[in-house]
Amino acid sequence: MPDAPPRSHHPLSVAVAGLGTVGTGVLTLLRENADIVAAHAGRPIAVTAVSARDRSRDRGIPLTGLRWYDDPVALAADPGVDAIVEVIGGADGPARALIEAALAAKKPVVTANKALLAVHGAALAAVAEKQGVPLAFEAAVAGGIPVIKALREGLAGNRISRVTGILNGTCNYILTVMRERGREFSEVLAEAQKLGYAEADPAFDVDGIDAAHKLAILAALAFGRPVDFGAVHVEGIRHVSALDIAFAGELGYRIKLLGIARRTEAGIEARVHPCMVPHSAPIARVDGVFNAVVAEGDFVGRVMLEGRGAGAGPTASAVIADLIDLARGRYTPVWGAASDRLSHEPSVPMAAHVGAYYLRLMVVDRPGVIADVTAVLRDLGVSLESMLQRGRSPGEAVPVVLVTHETGEAAMREALRRIAALDAVLEDPALIRIEPA
Ligand SMILES: NC(=O)c1ccc[n+]([C@@H]2O[C@H](COP(=O)([O-])OP(=O)(O)OC[C@H]3O[C@@H](n4cnc5c(N)ncnc54)[C@H](OP(=O)(O)O)[C@@H]3O)[C@@H](O)[C@H]2O)c1
């Protein structure tokens, strides 16, 4: 555990590894808001050393007077550095090597790296605890939204039953534009890439992996157990179509990519996938690049936080909050409780999920087809809440929408397989889970 600051005027000397979007944001915030930061921290916070790959690159911020390192890992050995900010990124490589070196040297670490925490967070937390060194990561989930502190400290007196989040701004932006303009996924993705809202390689975002990293972290905090990325069920948004978004609207829903961690009787369920949420639900109205997290606790009830999940300013805001905690000597165990107090509740596999489903088929419009489809559902014990069939064009393909009552995922998967195999069913059916408000 770090001691209280030795002298109130002794600055906290910080090394920043990575001078990209987040790193330059951190330097800019510390420069522009130095007075506010020093007041809250009880002493100045000063960056004294930095590392990035290319020393000659103009980053639009002054770096004179700062010690430069080509090798970020060397920052941990700099005797003039009190704390390390890791904003390089990547689950392995230099980011991981630097954090391990810093913890070994008993230097506190602040990171924005969700990939690394989701994959190696359990082991890193064990090292941090053994070394008695803080490992802080407010910026790793939902950028500027202070959701780590909210779950770990603000709601610490509650038993949390469920955490739901819009955790990826790129996906939320794409789904919002698809809905507003009736456009298809691939067109909107290409446009988002041009505007800089989506990466050149969008897989981490649109395939749900980034959201799953963040959900794994939130689930660990909410349920007081070591982070377990492998237990998260992950689906992205590539298969969401404009047609399904339009049908969702008719049925009173919006389609969102949600991360959901929930306590069930069998254990903890953690999943990321497109969901239909009632359009009256507050989270359904979080649009564009915004993120949101809803937590439900037994005493507090429902809490929702909304804000910007990415960008230099919001992410720097979160990094600086962690640095202020360090400067003050405030310390909280990585997953909210000491390792011997963490829970080992089992994870529940997706096959055991129970919920309502939206199913959309393209079928040949001819007598008997609907009877064949409903026979499959009946055989598997899936009961229907409603059915929607638009237009008639005998012999042609028409969409048919089915909404089920609560159904087991395993039965639904089997029904989908059998329905897809029917002659009159033309394309792969679309399946979207429906979440209660
Ligand atoms: N961007 C956001 O809005 C956001 C939000 C929340 C969390 N995060 C997380 O914050 C981290 C950083 O993201 P970012 O968007 O700032 O990334 P970025 O713009 O790509 O910046 C990465 C920085 O790391 C440096 N770097 C890469 N490899 C290095 C190496 N081997 N040695 C030294 N420096 C190296 C790069 O140096 P050069 O500049 O010389 O190439 C660059 O300055 C990631 O973990 C990300 O997931 C980002």
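**Sheet, ligand site and internal spaces**

In this predicted model, Ala-17 stands opposite Ser-51 of strand β2. This pairing offers a handy way into the fold. Ser-51 closes the residue range of β2, which spans 45-51, while Ala-17 closes that of β1, residues 12-17. The two strands run in the parallel sense and are joined over six bridges. Strands of a sheet pair through backbone hydrogen bonds, in either a parallel or an antiparallel manner.

Stepping back, β1 and β2 belong to an open sheet of six strands, in which the pairing is parallel and the order reads β3-β2-β1-β4-β5-β6. At the two edges lie β3 (67-69) and β6 (135-136), each of which pairs on one side only. Strand β6 will return below, where the largest cavity is described.

Attention turns next to the ligand. There are 23 residues around the ligand, and those that come nearest are Leu-19, Val-22, Asp-54, Arg-59 and Gly-311. By class, this shell is made up of ten nonpolar, eight polar and five charged residues. Contacts to oxygen atoms of the ligand come from both backbone and side chain. A backbone N or O atom of Val-22, a residue already listed among the nearest, is placed 2.8 Å from a ligand oxygen. For Gly-20, a backbone N or O atom is found 3.0 Å from an oxygen atom of the ligand. Lys-114 contributes through its side chain instead, with a polar atom 3.4 Å from a ligand oxygen. As for cover, the ligand taken alone exposes 900 Å², and the protein buries 79% of that area.

The model also holds empty space of its own. Rolling a probe the size of a water molecule over the atoms shows where such space is left. Across the whole structure, four cavities of 30 Å³ or more are found. The largest cavity contains about 110 Å³ of space. Which elements each supply at least two residues of its lining? They are the edge strand β6 together with the helices α5 (147-154) and α11 (312-328). Among the lining residues are Leu-135 and Ala-136, Lys-149, Arg-152 and Glu-153, and Asp-322, Asp-325 and Leu-326. Pro-134, Arg-330, Tyr-331 and Thr-332 also line this cavity. In terms of class, the lining divides into six charged, five nonpolar and one polar residue.

A further space, the second largest pocket, holds about 400 Å³. Of the 20 residues that line this pocket, Ala-156, Asn-158, Leu-221, Ala-222 and Gly-224 are the closest to its centre. Helix α5, which also helps to line the largest cavity, supplies at least two residues here, as does α9 (209-223). Helix α9 gives the most to the lining of this pocket, with three residues. The lining as a whole comprises ten nonpolar, five polar and five charged residues.

Two loop residues round off the description through their backbone angles. Lys-106 has a positive phi, near 60 degrees, in a residue other than glycine. Its place is in the loop between α3 (93-104) and β5 (109-111). Ala-142, likewise not a glycine, has a positive phi of about 60 degrees. The loop that carries Ala-142 lies between β6 and α5, two of the elements that contribute to the lining of the largest cavity.

Technical notes
Residues numbered from 1 in each chain as written. Predicted model: local features only at pLDDT ≥ 70, side-chain atom pairs only at ≥ 80, totals over all residues. Heavy atoms only, no water. Near = heavy atom within 4 Å. Polar contact = N/O pair within 3.5 Å; in protein donor to acceptor, adjacent residues only side chain to side chain. Areas by Shrake-Rupley, 256 points an atom, 1.4 Å probe, with all protein chains shown as cover. Nonpolar A, V, L, I, M, F, W, Y, C, P; charged D, E, K, R; others polar. Pairing = 2+ DSSP bridges. Helix = DSSP H or I, 4+ residues; strand = E, 2+ residues; numbered from the N terminus. 1 Å grid on protein atoms, 1.4 Å probe; cavity = no way out; pocket = protein on both sides within 12 Å on 5 of 7 lines; lining within 4 Å. Points joined across faces, edges and corners; volume = space filled by probe spheres on them.
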